[in-house]
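Work through the following exercises with the sequence and the model at hand. Each task is followed by a solution in steps.

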Amino acid sequence: MSSNATAWPSSSDVNEAAASTSRPLRQTLRIAAFILCAGAVVSLPFLVTDYVLSAILVPVLALALAGTGQNLVTGYAGQLSVGSAAFMSVGAFATYDAHLHVPGIPLLAAFVCGGLAAALTGVFFGLPSLRIRGFYLVVSTLAAQFFVEWLFTKVGWFSDYSPSGVITAPPLAVAGFDLSSPGGHYWLSLLVVAPLVALGRNLVRGRVGRAWMAVRDMETAAAVVGVRTGRAKLLAFGVGSFYCGIAGALWAFAYLGTVESHGLDLDRSFQVLFIVILGGLGSVAGPFIGAAFVILLPILLDQVGSAIVGGSVDPGLLQNVEKIVFGALVILLLIKQPAGMARLFYIASIRIGRWRARPA
Amino acid sequence: MAFLLEVLIGGLLAGIMYTMVALGFVLIYKASGVFNFAQGAMVLFAALTFVTLSEHGLAFPWALAASVAVMLALGVTIERVVLRPLVNAAPMALFLATLGLAFVLEGFAQLIYGTQVHGLELGISDAPIRSLPIEVSKLDLFAAGVAAALVAALGVLFQTTRAGVGLRAVADDPVAAVAVGLDLQRLWAIAWGGAGVVALVAGLLWGARVGVQFSLSLVVLKALPVLIIGGFSSIGGVIAGGLIVGASEKLAEVYVGSHVGGGIETWFPYVLAVGFLIARPTGLFGERLVERV
């Protein structure tokens, strides 16, 4: 999912770097590279261990999708939301309830139900954006966050009256294929995430995306030149929350195997927000880089810590170190590279390209 | 009726506590136009510093003086390391930077001082005063007094002192302020140092009530609706906002929450704030903004 979803394609720098190759050949090379990458991504379950699949790749895909949703709202439309986890929660519960109450509903259709429920919730809590601007909107998304958590804890119907409020996801299968193995969970995630991200990429490059960016860059000016700002903002909330809802369903069904509202709390919302800031606001590859970072850093810190101490490290200590590292990185990136790690990777790739294109 | 009054008074007193946290926000917002999400983490950091110093045997005045010094140093450091490189950045970038700062401060506070709950004894009783018909403790009255004093002090600072006028100018337009010769960096350091001291006061009062623990940094979230209802740039508004939030959330919990399973305190203030925003986008006492393109 990395190299075929570059955020800044067909730039003059890239062309310059590959100037020695002829155009049709370059086109063929690009398609070949895409097929190779796609093949590698699809065949990953045969190459890596079950641990890597279920503890790293599946959560990275789910969080990257949530990050993509957050990115549409915050990175493209410029509306600050700290309620992504609430929309994920709505998506997870709605998927579960659709699966439970509609007999014979296909799994993917239940996912779509979850996404639509999350989209409606997102539009509802995005309504105040018609009146208010900027970080005032934080309060509306905070209301979503706390209200949704409260609702799913207090109203037993949503969790099928489970006494603990925690519900177990059913075994996964799509069109008769059993996907209950770790590899199956990964394929399901891929099957859901890849088309949605491709769709999002097209969306932000079209009329809708331009309207969002106009609203982000200067709302009053956007309205003056004829962008229907209210509609653009609500659409961003709807589409972004749809993505978050599907991501929540994946998080619950493919990663955890349980649906629980307390696992999708404010901290998770901040995590999704950090994914987008670290990866790169307003870039397609950014959420993937950010999500991989967010999942891998704790594992890495744990390894480094136990190597230094020579035993297992106190998890509380690790958690605090993690917080400091994330916070400091956010500040550092905002100061040094506001476009995030996606931009850093892009700059690095150009440098490598230039170096390669130099006459020997 | 007596019960209603009791709930109302309890709520108003809780509101004063929210006001204390919110004041730190207003100080920074008025001075730099930054919405400082790290204010709650600063409250936690300040309270933990004070408690740890006290537990190591420092007498109250010395511990207080040392904590003030630490918070001032922290404020100056934040200005130097986080804000100065972000001069002219978009408001959203500044907000996100303070969110990162909150994580750093929370991590450091718990790394240095540990995660256990500390008791904090200010020597002021939190037991209800017997002679009064309603439940009010000495600590409540003391907190109200301190809040009033802080508000008065900040009002004087912003309205009459040279630094205060400078701070308002900076908040209004940093570029113009620098152009007429104001020392932006010194003013921001003053604002953040001041916010650190306000955080210390809030941390001590909250700590005396609920113990010094991680949940102190979550108070920041309740301060947000207070600010929105009162208006970000109004010191008087923060008091009104705090009282409205405190009283209404307690009343809602008792009279509405009991019908829907309770616990609506967690989200009620935010919904209320959204309602206020829709009716009055600049808050009760906020300044009306004119946008130029």
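**Exercise 1. The contact between the chains**

Determine how many residues of chain B are in contact with chain A, and which helices of chain B supply them.

Solution. The model is predicted, and the totals for the interface use all residues. Step 1: counting the contacts gives 40 residues of chain B against 34 residues of chain A. Step 2: assign the chain B side to helices; H4 (91-113), H9 and H11 of chain B each supply at least two residues. Step 3: rank the contributions; H4(B) gives the most, with 17 residues. Step 4: sort the chain B side by class, which yields 31 nonpolar, 7 polar and 2 charged residues.

**Exercise 2. Helix H11 of chain B**

Compare the span of H11(B) with the expected value, then find which of its residues are buried and what covers them.

Solution. Step 1: H11(B) runs over residues 268-279, 12 residues in total, and its first and last C-alpha atoms are 17 Å apart. The expected figure at 1.5 Å a residue is 16 Å, and the span is close to it. Step 2: the buried residues are Phe268(B), Pro269(B), Tyr270(B), Leu272(B), Ala273(B), Val274(B), Phe276(B) and Leu277(B). Step 3: their cover includes H7 (137-154) of chain A, along with H9 (219-230) and H10 (235-255) of chain B. Step 4: on the chain A side, take Val139(A); among the residues it touches are Tyr270(B), Ala273(B), Val274(B) and Leu277(B), as well as Leu224(B), Pro225(B) and Ile228(B).

**Exercise 3. The nonpolar core**

Find the residues with the most contacts inside the largest nonpolar core, and the helix that gives the most to this core.

Solution. Step 1: the largest core has 202 residues. Step 2: Ala62(A), Val139(A), Leu250(A) and Val43(B) have the most contacts inside it. Step 3: helix H11 (residues 229-256) of chain A gives the most, with 18 residues.

**Exercise 4. Two helix pairs in chain A**

Classify the packing of H8 with H11 and of H4 with H12, all in chain A.

Solution. Step 1: the axes of H8(A) (residues 182-205) and H11(A) cross at roughly 170° and come within 11 Å. An angle over 145 degrees counts as roughly antiparallel, and therefore H8(A) is roughly antiparallel to H11(A). Step 2: His185(A), Leu188(A), Ser189(A), Val192(A), Leu196(A) and Gly200(A) of H8(A) meet Tyr243(A), Ile246(A), Leu250(A) and Ala254(A) of H11(A). By class these are 7 nonpolar, 3 polar and no charged residues.

Step 3: H4(A) (residues 50-76) and H12(A) (residues 266-279) pack at about 75°, with axes 8 Å apart. The range from 65 to 115 degrees counts as roughly perpendicular, so H4(A) is roughly perpendicular to H12(A). Step 4: residues of H4(A) in this contact include Leu63(A), Ala66(A) and Gly67(A), and those of H12(A) include Val272(A), Leu273(A) and Val276(A). The classes are 6 nonpolar, 6 polar and no charged.

**Exercise 5. A loop residue of chain B**

Is Gly181(B) buried or exposed?

Solution. Step 1: locate Gly181(B), which lies in the loop between H7 (174-179) and H8 (184-210) of chain B. Step 2: Gly181(B) has 7 C-beta neighbours inside 10 Å. Step 3: the cut-off for an exposed residue is 12 or fewer, so Gly181(B) counts as exposed.

Notes: Residues are numbered from 1 along each chain as its sequence is written. Chains are lettered from A and ligands numbered from 1 in the order in which they are written. This is a predicted model: local features need pLDDT of at least 70, side-chain atom pairs count only at pLDDT 80 or more; totals for chains, interfaces and linings use all residues. Axes are lines fitted to C-alpha atoms, for helices over the stretch in contact, and angles run from 0 to 180 degrees between N-to-C directions. Helices (H or I, at least four residues) and strands (E, at least two) are DSSP runs, numbered from the N terminus. Angles under 35 degrees count as roughly parallel, over 145 as roughly antiparallel, 65 to 115 as roughly perpendicular and the rest as oblique. Two residues are in contact if their C-beta atoms, placed from the backbone, lie within 7 Å. Ala, Val, Leu, Ile, Met, Phe, Trp, Tyr, Cys and Pro count as nonpolar, Asp, Glu, Lys and Arg as charged, and the others, Gly among them, as polar. The expected span of a helix is 1.5 Å times one less than its number of residues. A residue is buried if 20 or more other C-beta atoms lie within 10 Å of its own, exposed if 12 or fewer, and partly exposed in between; C-beta atoms are placed from the backbone. A nonpolar core is a set of buried Ala, Val, Leu, Ile, Met, Phe, Trp, Tyr and Cys residues joined through C-beta atoms within 7 Å. Lists of a residue's contacts leave out its neighbours within four places in sequence.
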